Amino acid sequence: MASKASENLDDWRTETLERIRELIEQAAPDAVEEVKWRKPSNPAGVPTWSQGGILCTGETYKDKVKVTFAKGASLPDPSGLFNSSLDGNARRAIDFFEGDKVKATAFKALIRAAVKLNAAKK
C-alpha cells in the first residue's frame, strides 16, 4: 500500500482520514488508493481513491479534512453532505472540521454513486 499522506499527523485529522479510508474500503472494496501530487509543500502527497477513474481525494489542512469527489457535481447528494466547492462544474467536496462526525451511510452512498458513474462512462 502507498504511504499514507496522513502519516505525519497525529490528531483528529488523522482519525477523520482513517475513518474516510475505512468507509471507502467498505463501499468500494475494489477501489485502489494511491498517493498523488507529491511536492515540496506537501511531501506526503494526497491520498486518491480510484475505480474506473478517480472517485475522490482526501486532503488534510490545518483546520479541516477535505474530501473532494472528482465528479461530485454529477452525483446525487440527498443527505446534503457536499458543503464545499459547490460552484464548480465537476467537483464537489466535503469539509470535515474538528468534532464533525462522518455520516457513514450517506458517505458510502456517495462512494457507490461515484463508482457507478465511472463505470457508466466506460
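**Exercise 1. Locate S85 and work out what sets its backbone apart.**

Start with the position: S85 sits in the loop between β4 and β5. Next, look at the backbone: S85 is not a glycine, yet its phi is positive, at about 55 degrees. For comparison, most residues other than glycine have a negative phi. Finally, check the surface: S85 has a relative accessible area of 35%, so it is partly exposed. Keep in mind throughout that this is a predicted model.

**Exercise 2. Find how far the model can be trusted along the chain.**

Begin with the overall figure: the mean pLDDT of the chain is 90, and 91% of its residues reach 70 or more. Then turn to the start of the chain, where residues 1-7 have a pLDDT below 50. That stretch still has 18 contacts in the model beyond near neighbours in sequence.

**Exercise 3. Carry out the S85 analysis on W37.**

First, place the residue: W37 lies in the loop between β1 and β2. Second, read its phi, which is positive at about 55 degrees although W37 is not a glycine. Third, decide on exposure: W37 has a relative accessible area of 49%, and partly exposed ends at 50%, so W37 is partly exposed.

**Exercise 4. Describe the second largest pocket, where W37 and S85 turn up again.**

Step one is the volume, about 190 Å³. Step two is the lining: W37 and S85 belong to it, along with I54, C56, T57, E59, K66, T68, A70 and R91. Step three is to assign these residues to elements. β3 (54-60) and β4 (65-69) each supply at least two of them, and β3 has the largest share, with four residues. Step four is chemistry: the lining has four nonpolar, three polar and three charged residues.

**Exercise 5. Now do likewise for the cavity.**

How many cavities of 30 Å³ or more does the structure hold? There is one, and the largest cavity has a volume of about 40 Å³. Its lining is made up of I54, L55, F69, A70, K71, L75, A114, L117 and N118. Sorting by element, β3 and α2 (104-120) give two or more residues each, and α2 gives the most, with three. Sorting by class gives seven nonpolar, one polar and one charged residues.

**Exercise 6. Test the two helices against their expected lengths, then see what they pack against.**

Take α1 (residues 12-27) to begin with. Its 16 residues should span 22 Å at 1.5 Å a residue, and the end C-alpha atoms are 22 Å apart, so the two values agree. The buried residues of α1 include W12, L17, I20 and L23. They pack against β1 (32-36), β2 (46-50), β3, β4, β5 (92-96) and α2.

Move on to α2, which has 17 residues and reaches 24 Å, close to the 24 Å expected. Among its buried residues are F107, L110, A114, L117 and N118. The cover over the buried residues of α2 includes α1, β3, β4 and β5.

**Exercise 7. Is L81 buried or exposed, and what does it touch?**

L81 is in the loop between β4 and β5. Buried means under 20%, and L81 has 11% relative accessibility, so L81 counts as buried. Leaving aside neighbours within four places in sequence, its contacts are I94, K103, A106, F107 and L110. As a last step, compare with R92: the two residues are 11 apart along the chain, and their C-alpha atoms are separated by 9.7 Å.

Definitions and conventions. Residues are numbered from 1 along each chain as its sequence is written. This is a predicted model: local features need pLDDT of at least 70, side-chain atom pairs count only at pLDDT 80 or more; totals for chains, interfaces and linings use all residues. Side-chain values use heavy atoms; hydrogens and water are left out. pLDDT is the predictor's confidence in each residue, from 0 to 100. Contact means heavy atoms within 4.5 Å. On a 1 Å grid over the protein atoms alone, a cavity is a set of points where a 1.4 Å probe fits but cannot get out, and a pocket is an open set with protein on both sides within 12 Å along at least five of seven lines; lining residues have an atom within 4 Å of a point. Grid points are joined across faces, edges and corners, and a volume is the space filled by probe spheres set on the points. Ala, Val, Leu, Ile, Met, Phe, Trp, Tyr, Cys and Pro count as nonpolar, Asp, Glu, Lys and Arg as charged, and the others, Gly among them, as polar. The expected span of a helix is 1.5 Å times one less than its number of residues. Buried means under 20% relative accessible area, exposed over 50%, partly exposed in between (1.4 Å probe, protein chains only).
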